[in-house]
There are 2 protein chains.
Amino acid sequence: MGGAKAKGLLGGERISEAEHAVMEALWVRAPMSAAEVGEAVGGQRDWSLATVKTLLSRLVAKGALATEADGRRFLYTPLIERADYVGGESRRLVDRLFGGRAAPLFAHLAESEALSAEDIAEIESLLQELKQ
Amino acid sequence: MGGAKAKGLLGGERISEAEHAVMEALWVRAPMSAAEVGEAVGGQRDWSLATVKTLLSRLVAKGALATEADGRRFLYTPLIERADYVGGESRRLVDRLFGGRAAPLFAHLAESEALSAEDIAEIESLLQELKQ
DNA sequence: GGGTTCAGTTTACAACCGTAATCGTATCGG
DNA sequence: CCGATACGATTACGGTTGTAAACTGAACCC
């Protein structure tokens, strides 16, 4: 289900951190107008509407968002799936810091107490599934 | 073992990706001169020595490296530990993409086949330790 | 001891990022 | 019909990053 070959971003353009916040809003609900996106991210970041518009434009330019005209304005919709983005970023980190192996990442998270009891239980059951 | 209070980078300066490659070289062996670092990273990136020097200077400015005079040149040594850097970056990713929970990260890595059989075995034994 | 060499420092410069203000124009209310 | 609005597009601008050349001063070799 998606992620297999869907490369996303044409040419390997990367999504910046601020842009990512905009994507998150649109992954929650889409399509949305610029104003709606501004309102949606308003809780997290303190951006002027102008800033949101700039980010939306850049994301469209990067091929991460599609626009659909709705009267005099645009509605924006993600062109890449959150799962693909998240997977890509995770992989990048694992590659860059752990030589592509996930186990050391796990060890680090565990060591730094970033794992809650629920996390551990959850991961355990995931492992059970994987082993089948 | 380190990481407890060793904050690293003064003021929260971030290490860029290119700079990180330099840090990796110095985490493997330190101290090293600029020329030695250039040689060490030569395999990975195709940088001119000038580029390496720039990166070293920036890292010193950021408080990530210490310099020690050795005749007419400097020897560079990391001021932050790799474990701290890696831990911080991992945490940042988990916070940004998974709301701070590590389990979904694993779900993603698992789903995207980023987990090898060894990874799974290794994580399993780590889990056993954690549960004690 | 004067040129060559080597090392760090300064300067460069385009792309990208965060953050916006301004501009131009289509629309809407009166 | 006209001014106020609401939008997207254009322009801005300082900081960071990647990548490197030019500069400068010290050390070393004839």
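User: What makes a residue of chain A count as part of the contact with chain B?

Analyst: Two residues are in contact if their C-beta atoms, placed from the backbone, lie within 7 Å. By that cut-off, in this predicted model, the contact takes 30 residues from chain A and 29 residues from chain B. On the side of chain A that touches chain B, α4 (82-98), α5 and α6 (117-131) each supply at least two residues. The largest share, nine residues, comes from α6(A). By class, this side of chain A has 18 nonpolar, five polar and seven charged residues.

User: How do you know through which surface the copies meet?

Analyst: Of the interface residues of chain A, 97% are also interface residues in chain B, so the copies meet through the same surface.

User: What relates chain A to chain B?

Analyst: A turn of 179° with a shift of 0.0 Å along the axis lays chain A on chain B, with an RMSD of 0.2 Å. The two copies are therefore related as by a two-fold rotation axis.

User: Which residues of α5(A) are called buried, and how do you know where on the helix they lie?

Analyst: A residue is buried if 20 or more other C-beta atoms lie within 10 Å of its own. The buried residues of α5(A) are A102(A), A103(A), L105(A), F106(A) and L109(A). Seen down the axis of α5(A), they fall within an arc of 155°, so they line one face of the helix. What covers them includes α4 of chain A, along with α4 (82-98), α5 (103-111) and α6 (117-131) of chain B.

User: Why is Q128(B) called buried or exposed?

Analyst: The cut-off for an exposed residue is 12 or fewer other C-beta atoms within 10 Å. Q128(B) has 10, so Q128(B) is exposed. Its place is in helix α6 of chain B. From A102(B), Q128(B) is 26 residues away in sequence and 17 Å away in space, C-alpha to C-alpha.

User: What makes up the largest nonpolar core?

Analyst: This core has 56 residues, and those with the most contacts inside it are V22(A), V37(A), L56(A), V22(B), V37(B) and L56(B). Helix α5 (residues 102-111) of chain A gives the most to the core, with five residues. Leaving aside residues up to four places away in sequence, V22(B) touches V37(B), V41(B), V52(B), L55(B), L56(B) and L59(B).

User: Which residues come closest to DNA strand C, and which elements form the surface there?

Analyst: A residue counts as near a strand if its C-beta atom lies within 6 Å of it. DNA strand C is surrounded by 22 residues, the closest being S16(A), A18(A), A34(B), R73(B) and F74(B). Two or more residues are given to this surface by each of α1 (17-28) and α3 (49-61) of chain A and α2 (34-41), α3 (49-61) and β2 (73-78) of chain B. The residues divide into eight nonpolar, seven polar and seven charged.

User: What surrounds DNA strand D?

Analyst: Of the 23 residues around DNA strand D, the nearest are R73(A), S16(B), E17(B), A18(B) and A50(B). The elements giving two or more residues to the surface near DNA strand D are α2 (34-41), α3 and β2 (73-78) of chain A, and α1 (17-28) and α3 of chain B. This surface divides into eight nonpolar, seven polar and eight charged residues.

User: Where in chain A is the cis peptide bond that joins A30(A) and P31(A), and what is its omega?

Analyst: Omega is about -5° for the cis bond joining A30(A) and P31(A). P31(A) is found in the loop between α1 and α2 of chain A. In chain B, a cis peptide bond joins A30(B) and P31(B), with omega about -5°.

Terms used. Residues are numbered from 1 along each chain as its sequence is written. Chains are lettered from A and ligands numbered from 1 in the order in which they are written. This is a predicted model: local features need pLDDT of at least 70, side-chain atom pairs count only at pLDDT 80 or more; totals for chains, interfaces and linings use all residues. Copies are superposed by least squares on the C-alpha atoms of residues with pLDDT of at least 70 in both. Helices (H or I, at least four residues) and strands (E, at least two) are DSSP runs, numbered from the N terminus. Ala, Val, Leu, Ile, Met, Phe, Trp, Tyr, Cys and Pro count as nonpolar, Asp, Glu, Lys and Arg as charged, and the others, Gly among them, as polar. A nonpolar core is a set of buried Ala, Val, Leu, Ile, Met, Phe, Trp, Tyr and Cys residues joined through C-beta atoms within 7 Å. The arc is that of the directions from the helix axis to the C-beta atoms.
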